[in-house]
Amino acid sequence: MNALRATGRVVADVLAVVLACGAIYTAGFGVFDNVIYYGSIVAIAMIISILSWDAQERSVLRFVFHAALAVLFVYISWVWISFMLEQEEFLLDAEQWQLVLAWVAFAVVAYATWRIFGLPMLVVFALVALYVLLPSRFFGAGEDWTRVAENLWYSSDGVFGRPVEVVGRTVLVFIVFGAVLQTSGAGNVLLKMAFAATGRFAGGAAHASIVGSALFGTMSGAAVANVVSTGVFTIPIIKKAGFKPKFAGGVEAAASTGGQIMPPVMGVVAFMMADVTGIAYVNIVLAALIPAVFYYISLFVVVLLESRKLGIGAVPAAERETMTSRDWINSTSFFLPLLLLVVLLAMGRTVQFAGYYALIAATVLSLILFPSFRHPSAWWRALVSAGSTAATLLVIVAAVGFVIGVINMTGVGLKMAQLILSVSGSSLFFSLVLVMIGCLIMGMGVPSVPAYLIIAVVMGPALGKLGVTTISAHLFMVYFGVLSVVTPPVALAAFAAAPLAGAKPMATGFEALRISIAGFIIPFIFVYHTDILLIDGFTVAGLAWAIGAFLLATWLIASAMARFERLTLPPWQSVARLVCAVALLVPQPFLSLAGAVGGVLLLFEHKIASARDASPKTT
């Protein structure tokens with residue numbers, strides 16, 4: 001059995017390297033044939049995923065089953081490629097046995113999704129499949145199973161639709177980019193930089209986690225991966241500083257989640273959004289910049305309040321990290337490729353072109369600056385890591401392609417839009433709340449890229465009918481799709497941080513939710529105050545008001561939430577802070593002004609109380 005597992009692991013690693021190299025070639029030289037390329041990468045991704053499951057398996061029977069499943073999927077993919085190539089020359093109808101194979105493929109994709117991402121995504125897949133087949137009298141779509149197979153397998157829609165196409169053509173090269181930076185040692189330099197920059201502040205260890213996760217998280221395609229990669233270093237240091245374990249895990253989860261909304265890469269969501277909306281990538285990252293900075297400012301505020309309550313000061317001078325000249329030079333392996341990426345995109349180059357040359361720059365600089373990366377084994381580890389991550393992403397986007405295909409076939413998106421409008425009575429605020437809830441539910445258990453794709457198809461029409469601008473609507477959906485990973489009961493990022501912190505998963509999830517509460521406010525701000533997105537027609541006065549409103553509202557909510565937890569403030573003051581924050585954000589001049597005045601008065605009251613009592617418990 002050990003020999004079988006080792007063989008499976010070797011095959012999976014080799015295929016991971018092949019997939020990573022294919023991504024690099026495609027980014028630099030284009031897709032040589034759409035059918036062969038997309039069919040091959042999905043098949044390879046499935047084999048890598050299936051073989052990886054058996055790395056720790058002890059059951060020979062299960063290993064044989066998974067090996068047979070991998071062979072079966074390769075055969076089905078070969079049938080698909082052959083059929084699609086013939087269809088390019090002749091108008092063909094799939095035969096009965098081919099249609100049966102399509103449903104077998106759907107089942108394999110669903111099984112793989114369950115094994116990798118757990119029950120939530122499997123439930124979504126199963127409910128969508130049940131809906132499309134159920135007769136209309138049972139509230140289903142009533143589609144024929146043969147038509148579903150033809151539309152969602154033997155076509156360029158469905159499983160092999162736009163999600164697989166964009167990921168295969170554009171996104172995978174950035175996964176390789178991130179793997180090179182992580183393997184070479186650039187990620188460790190970024191963490192050292194974060195600790196050096198924040199050590200002088202109260203609660204500096206937690207602040208360092210925020211900065212480090214923001215820097216590395218923007219390149220990572222998943223919040224959970226970011227938690228695991230940076231949390232190993234940051235969480236123990238946060239606990240050592242005196243913070244509770246659940247707070248340490250919550251900070252790391254919230255900060256890692258924010259990486260998915262932080263320009264310039266936004267966990268590769270920015271590229272998907274550009275493809276879906278047709279808005280230039282540069283405009284998307286410019287619009288996303290201030291809201292993302294707001295999110296991280298709010299995390300700093302929460303950590304500062306927590307530090308004062310617990311009496312945690314700055315990191316002692318003798319223990320602070322210091323950046324040497326060598327560290328600054330090494331940091332260019334991250335910042336120069338990132339700068340090159342932005343410059344090329346600003347010049348109008350394609351995303352894959354920019355990613356290809358940014359990867360080359362990162363690789364060359366890593367070879368020069370990090371001697372350990374010059375060994376072929378380091379290159380191999382980077383490619384294996386990239387290929388394995390890419391395989392996981394391709395499996396989930398294949399499943400998402402099925403879901404989106406059903407939505408397009410049945411018009412569920414328009415039906416959902418009509419339902420939201422009928423329930424909310426065309427009220428923008430209540431409609432946004434309903435969309436927010438829908439985004440959080442559909443994003444649970446799903447990485448940010450596929451979550452955004454599903455949400456955009458289902459919820460996008462509703463926001464469009466409400467008159468929300470395209471960029472505001474899609475950023476709104478991205479935010480809540482991303483924040484689902486810190487929203488119980490399926491707070492995956494928090495659950496990943498909990499064992500690293502030695503805390504209970506659900507307690508860590510609620511702590512992460514409390515810490516990232518401002519993230520639930522920001523999307524409403526840029527829907528009501530579009531000046532903050534720096535889109536055409538913004539005014540300086542509008543931008544200044546939005547920034548001031550957010551900063552004051554963030555302080556009010558963060559301090560009120562902290563007070564609720566420790567009950568050290570009269571309840572009326574906590575309630576007053578929340579009421580003023582909500583009024584401040586409502587797009588009604590009188591209420592906004594009243595909230596601003598009330599918030600400023602509470603801020604002065606806080607200053608006076610702090611002056612009377614120097615104890616940190618009065619913060």
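**Note on the predicted model: contacts, core and spaces**

1. Leaving aside neighbours within four places in sequence, L359 is in contact with I24, V173, V176, F177 and V180. The model is a predicted one, and L359 is a good place to enter it. This residue sits in helix α15, which covers residues 351-369. L359 counts as buried because its relative accessible area is 4%, under the 20% cut-off. A long span separates L359 from V586: 227 residues along the chain. Their C-alpha atoms are separated by 44 Å.

2. Next, A493. Helix α21, residues 492-501, holds this residue. Is A493 buried or exposed? A493 is buried, with a relative accessible area of 0%. Its contacts, not counting neighbours within four places in sequence, are A223, V224, V227, A253, T257, V485 and V486. Take A253 from that list. A493 and A253 are 240 residues apart in sequence, yet 5.2 Å apart in space, C-alpha to C-alpha.

3. S592 belongs to helix α26, residues 589-612. With a relative accessible area of 6%, S592 is buried. Beyond residues up to four places away in sequence, S592 touches W545, A583, L584, V586 and P587. V148 is 444 residues from S592 in sequence. In space, C-alpha to C-alpha, S592 and V148 are 51 Å apart.

4. F334 is placed in helix α14, which runs over residues 325-346. Its relative accessibility is 2%, so F334 counts as buried. N34 lies 300 residues from F334 in sequence. The C-alpha to C-alpha distance between F334 and N34 is 32 Å.

5. Now the core. The largest nonpolar core has 218 residues. Which residues touch the most other members of this core? They are W153, Y154 and F476. Helix α16 gives the most to the core, with 21 residues. In soluble globular proteins, nonpolar side chains tend to be buried together.

6. Y154 deserves a closer look. Leaving out residues up to four places away in sequence, Y154 touches V79, W80, F83, M84 and Q87. The list goes on with A94, Q98, L99, L101, A102 and A149. Two glutamines, Q87 and Q98, are among these partners.

7. The second largest pocket holds about 760 Å³ of space. Its lining is made up of 26 residues. Which of them lie nearest the centre of the second largest pocket? V412, M416, I441, M442 and V458 do. Five elements give two or more residues to this lining: α5 (119-133), α16 (376-410), α17 (412-424), α18 (428-443) and α19 (448-465). By class, 24 of the lining residues are nonpolar, one is polar and one is charged. Helix α16 thus appears twice in this note: in the lining of this pocket and as the element that gives the most to the largest nonpolar core.

8. Enclosed space comes next. Rolling a probe the size of a water molecule over the atoms shows where empty space is left. How many cavities of 30 Å³ or more does a search of the whole structure find? The search finds one. About 50 Å³ of space lies in the largest cavity. Its lining consists of Q182, G187, N188, L190, L191, G212, F216, S229, T230 and F233.

9. Three helices give two or more residues to the lining of the largest cavity: α8 (186-198), α9 (204-217) and α10 (223-240). The largest share, four residues, comes from α8. By class, the lining of the largest cavity has four nonpolar residues, six polar residues and no charged ones. The second largest pocket has 24 nonpolar residues in its lining, with one polar and one charged.

10. Last, the cysteines. How many disulfides does a search of the whole structure find? The count is zero. C21 is partly exposed, with a relative accessible area of 37%. C580 has a relative accessibility of 13%, so C580 counts as buried.

Notes. Residues are numbered from 1 along each chain as its sequence is written. This is a predicted model: local features need pLDDT of at least 70, side-chain atom pairs count only at pLDDT 80 or more; totals for chains, interfaces and linings use all residues. Side-chain values use heavy atoms; hydrogens and water are left out. On a 1 Å grid over the protein atoms alone, a cavity is a set of points where a 1.4 Å probe fits but cannot get out, and a pocket is an open set with protein on both sides within 12 Å along at least five of seven lines; lining residues have an atom within 4 Å of a point. Grid points are joined across faces, edges and corners, and a volume is the space filled by probe spheres set on the points. Ala, Val, Leu, Ile, Met, Phe, Trp, Tyr, Cys and Pro count as nonpolar, Asp, Glu, Lys and Arg as charged, and the others, Gly among them, as polar. A disulfide is a pair of cysteine sulfur atoms within 2.5 Å. Buried means under 20% relative accessible area, exposed over 50%, partly exposed in between (1.4 Å probe, protein chains only). A nonpolar core is a set of buried Ala, Val, Leu, Ile, Met, Phe, Trp, Tyr and Cys residues joined through side-chain atoms within 4.5 Å. Contact means heavy atoms within 4.5 Å.
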